[in-house]
Amino acid sequence: MTRISVKVDGTTYEDEVEPRLLLVHHLRDRLGLTGTPVGCDTSNCGACTVDLDGVSVKSCSVLAVQADGCAVTTVQGLSTDGEWTGLQKAFHERHALQCGYCTPGMLMAARDLLKENPRPTADEVRHALEGNLCRCTGYQNIVRAVLAAASDEEVRT
């Protein structure tokens, strides 16, 4: 067992973990933060995307021990006091989800895009999200939601 300390959504957690434990399983099974789904366990679908020290990563491809000393933001850490971000509102208003399984990863990847490029084109949004799979929506409403969020001042600040 290895002792780790990880700050997740602003709260510091210390835990003893097996060196082979994936970050996604640490978040869900050890910390009870189930907003990050386990999609494929192979890093193909992107549903488990989180922010690790400012970088968007697929948490099924990161070991929990690799996150030791790091800050992790999950989809559950996006809202403040229950208030959705502009990006979350845009996803809701533009019907950018159906079953919702891919939504956490899409939100996290879109958030990362908007941090780097606050005014993306539709093609740039598609490129940024190409590592995230959705089997329900056909992506059009997801792209529209990200573009709408990009035009919202609240998202950029």
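This briefing describes the domains, one helix, the cysteines and several individual residues of the structure above. The model is a predicted one. Its protein chain is divided into domain 1, covering residues 2–76, and domain 2, covering residues 86–150, and a search of the whole structure finds zero disulfides.

**Domains and their contact**

- The C-alpha centres of domain 1 (2–76) and domain 2 (86–150) lie 21 Å apart, and the contact takes 17 residues from domain 1 and 14 residues from domain 2.
- The size of an interface is often given as the accessible area lost when the parts come together. Here domain 1 and domain 2 bury about 1100 Å² between them, with 54% of it on carbon and sulfur atoms.
- On the domain 1 side, the residues that lose the most area to domain 2 are C45, T49 and V75, which together account for 36% of what that side buries.

**Residue N132 and its surroundings**

- N132 lies in the loop between α4 (122–128) and α5 (140–150), and it counts as buried because its relative accessible area is 5%, where the cut-off for buried is under 20%.
- A polar atom of the N132 side chain lies 3.0 Å from the backbone oxygen of G46.
- When residues up to four places away in sequence are not counted, N132 touches C45, G46, T49, G105, M106, A109 and Y139. Of these, C45 and T49 are also among the domain 1 residues that lose the most area to domain 2, while G105, M106 and A109 are among the buried residues of α3.

**Helix α3**

- The 14 residues of α3 should span 20 Å at 1.5 Å a residue, and the end C-alpha atoms of the helix are 20 Å apart, so the expected and the modelled span agree.
- α3 is mostly covered, since eleven of its 14 residues are buried; these are T103, P104, G105, M106, L107, M108, A109, A110, D112, L113 and L114.

**Helix α2**

- F91 lies in helix α2 and is buried, with a relative accessible area of 1%.
- Not counting residues up to four places away in sequence, F91 touches A96, L97, T103, M106, L107, I142, A145 and V146, and of these T103, M106 and L107 are buried residues in α3.
- F91 and D41 are 50 residues apart in sequence, and their C-alpha atoms are 25 Å apart in space.
- G86 also has its place in helix α2 and counts as buried at 4% relative accessibility. The C-alpha atoms of G86 and V146 are separated by 9.6 Å, although the two residues are 60 residues apart along the chain.

**Residue S59**

- S59 lies in the loop between β4 (55–58) and β5 (71–73), and it is buried, with a relative accessible area of 0%.
- The side chain of S59 reaches the backbone oxygen of C48 at 2.7 Å.
- Leaving aside neighbours within four places in sequence, S59 is in contact with L22, L23, V24, T36, C48 and V50, so that C48 appears both in this list and as the residue whose backbone oxygen the S59 side chain reaches.

**Cysteines without a disulfide**

- A disulfide is a covalent bond between the sulfur atoms of two cysteines.
- For C99, the closest cysteine sulfur is that of C136, and because the two sulfur atoms are 3.7 Å apart they are too far for a bond, the cut-off being within 2.5 Å. C99 counts as exposed at 57% relative accessibility.
- For C102, the closest cysteine sulfur is that of C134, and this separation of 3.7 Å is likewise too far for a bond. C102 is buried, with a relative accessible area of 11%.

**Loop residues with positive phi**

- Most residues other than glycine have a negative phi.
- D9 has a phi near 50 degrees, a positive value in a residue other than glycine; D9 lies in the loop between β1 (2–8) and β2 (11–17) and counts as partly exposed at 27% relative accessibility.
- H95 has a phi near 55 degrees, again a positive value in a residue other than glycine; H95 is found in the loop between α2 (86–93) and α3 (103–116) and counts as exposed at 57% relative accessibility.

Terms used:
Residues numbered from 1 in each chain as written. Predicted model: local features only at pLDDT ≥ 70, side-chain atom pairs only at ≥ 80, totals over all residues. Heavy atoms only, no water. Helix = DSSP H or I, 4+ residues; strand = E, 2+ residues; numbered from the N terminus. Buried < 20%, exposed > 50% of the residue type's maximum accessible area, 1.4 Å probe, protein only. Expected span 1.5 Å × (residues − 1). Polar contact = N/O pair within 3.5 Å; in protein donor to acceptor, adjacent residues only side chain to side chain. Contact = heavy atoms within 4.5 Å. Domains from an automatic or database assignment. Buried area = accessible area lost by both parts, 1.4 Å probe.
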